[in-house]
Amino acid sequence: MSRNSRRSRDARLRMEIYPDRSAAPTLDADSPLRRGVFLLPATITSIGLLSGFYSMVSAVTGHFEVASVMIVIAFFCDGLDGRVARASRTSSQFGVEFDSLSDVIAFGVAPAMLTFSWALRPIGSLGIAIGGLFVLCGALRLARFNVQTATADKSRFVGLPIPGAAIMIASLCLAYSYFEFDSPRTLCTFMAPITLALGGLMISRVPYPSFKTMKLEKRAQVELVIVMMVLAAMLFAIPQLTAFMLSAAYVLSGPVLMLRGERLSAKVSVLRPVTPADKSHDANGKPREPDSPRMTRGLREHPPSHR
């Protein structure tokens with residue numbers, strides 16, 4: 001049977017079962033059943049998530065440089081999956097939620113474990129508490145971003161993004177190993193306030209620049225091209241120091257913008273109450289009938305038993 005004959009047969013059967021075309025079930029092109037899970041963006045997000053997991057394993061086993069590199073790989077995956085999804089028009093709500101869950105692991109838990117295993121272990125329980133506060137602030141930062149993403153300013157972030165805080169910790173570890181320092185007490189004294197400060201910046205309202213609106217196809221000035229070429233050469237020559245300088249510059253850019261007088265107003269309340277559902281209509285859209293006095297009186301006289 002040819003393809004055209006099969007299509008005509010299916011059309012006849014459909015007309016016999018559903019004479020009224022409006023009653024026939026259809027699958028919209030944007031429905032979740034038709035969209036499914038887009039492979040390429042989900043794969044990139046999965047690589048970032050697994051990089052965060054391997055970073056935790058490396059931090060526990062004492063391979064701190066490998067743990068830092070895994071966080072850097074997760075950082076690039078986080079910036080790549082969104083761009084690939086937008087360029088290929090495969091953005092979906094599943095990808096947004098999956099990316100947020102991946103960020104909690106790769107940029108929240110993994111840097112906290114790296115900080116504790118590498119620097120905060122000498123102070124014991126206090127180091128665990130500092131790492132836990134970093135994870136908590138990162139999760140709150142992601143939750144606030146998901147709530148305010150519809151009305152937020154596209155050119156500014158509200159608070160330090162969690163990938164920026166994670167890459168700052170990873171670059172500090174790489175710079176420490178590059179200079180071959182060996183002073184655990186000084187390192188612990190230095191990293192404890194830095195970790196707390198990064199957590200505080202994440203949940204603050206300090207404005208940070210966003211590069212999502214930057215379009216690579218536009219023409220750039222010659223000076224900017226030269227700066228990018230110099231940074232690329234430094235990344236190949238001294239990647240540890242270059243990563244540290246770039247991450248430190250971005251972390252400090254937020255307080256600099258605030259000192260210059262830039263402020264962000266809260267457009268969406270994070271802790272706004274959930275609007276109750278409209279109970280004047282049922283699930284089918286028909287108006288509900290008001291309860292009769294006899295029914296309400298019977299319910300008062302015979303309240304339902306709780307099991």
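A cavity is here a set of grid points where a 1.4 Å probe fits but cannot get out. In this predicted model, one cavity of 30 Å³ or more is counted by that rule. The space inside the largest cavity comes to about 30 Å³.

What lines this enclosed space is worth following residue by residue. Its lining consists of Ile-44, Thr-45, Gly-48, Ala-74, Cys-77, Asp-78, Asp-81, Asp-99, Ser-102, Asp-103 and Phe-107. Three helices each supply at least two residues of the lining of the largest cavity: helix H3 (39-60), helix H4 (64-87) and helix H5 (93-120). Sorted by class, the lining of the largest cavity has four charged residues, four nonpolar and three polar. The names of the charged class can be read directly from the list, which includes Asp-78, Asp-81, Asp-99 and Asp-103.

Helix H5 also holds Ile-105. This residue counts as partly exposed because its relative accessibility is 28%, and the partly exposed class lies between the limits of 20% and 50%. Ile-105 can be paired with Leu-50: the two are 55 residues apart in sequence, while their C-alpha atoms are 9.0 Å apart in space.

Attention now turns to the open spaces. The second largest pocket holds about 200 Å³ of space. Helix H7 (162-179) and helix H8 are the elements that give two or more residues to the lining of this pocket. Its lining residues are Trp-118, Leu-172, Ala-175, Tyr-176, Phe-179, Phe-181, Ser-183, Thr-186, Leu-187, Phe-190, Met-191 and Phe-244. By class, the lining of the second largest pocket divides into 10 nonpolar and two polar residues, with no charged residue. For readers tracing the aromatic side chains, the list includes Trp-118, Tyr-176, Phe-179, Phe-181, Phe-190 and Phe-244. The charge content thus invites a look at both linings: four charged residues in that of the largest cavity, and none in that of the second largest pocket.

On the surface, Leu-133, Leu-136, Leu-140, Leu-196 and Ile-203 make a nonpolar patch of about 440 Å². Helix H6 (residues 125-148) gives the largest share of this patch, with three residues. Another member, Ile-203, lies in the loop between helix H8 (184-202) and strand S2 (207-209). Ile-203 has a relative accessibility of 39%, so it counts as partly exposed. A patch residue needs over 30% relative accessible area, and the 39% of Ile-203 is therefore consistent with its place in the patch.

Notes: Residues are numbered from 1 along each chain as its sequence is written. This is a predicted model: local features need pLDDT of at least 70, side-chain atom pairs count only at pLDDT 80 or more; totals for chains, interfaces and linings use all residues. Side-chain values use heavy atoms; hydrogens and water are left out. On a 1 Å grid over the protein atoms alone, a cavity is a set of points where a 1.4 Å probe fits but cannot get out, and a pocket is an open set with protein on both sides within 12 Å along at least five of seven lines; lining residues have an atom within 4 Å of a point. Grid points are joined across faces, edges and corners, and a volume is the space filled by probe spheres set on the points. Helices (H or I, at least four residues) and strands (E, at least two) are DSSP runs, numbered from the N terminus. Ala, Val, Leu, Ile, Met, Phe, Trp, Tyr, Cys and Pro count as nonpolar, Asp, Glu, Lys and Arg as charged, and the others, Gly among them, as polar. Patches are made of residues with over 30% relative accessible area and no salt bridge: like charges are joined within 9 Å, nonpolar side chains (Val, Leu, Ile, Met, Phe, Trp, Tyr) within 5 Å. Accessible areas come from the Shrake-Rupley method with a 1.4 Å probe; for residues, only the protein chains shown count as cover. A salt bridge is a side-chain nitrogen of Lys or Arg within 4 Å of a carboxyl oxygen of Asp or Glu. Buried means under 20% relative accessible area, exposed over 50%, partly exposed in between (1.4 Å probe, protein chains only).
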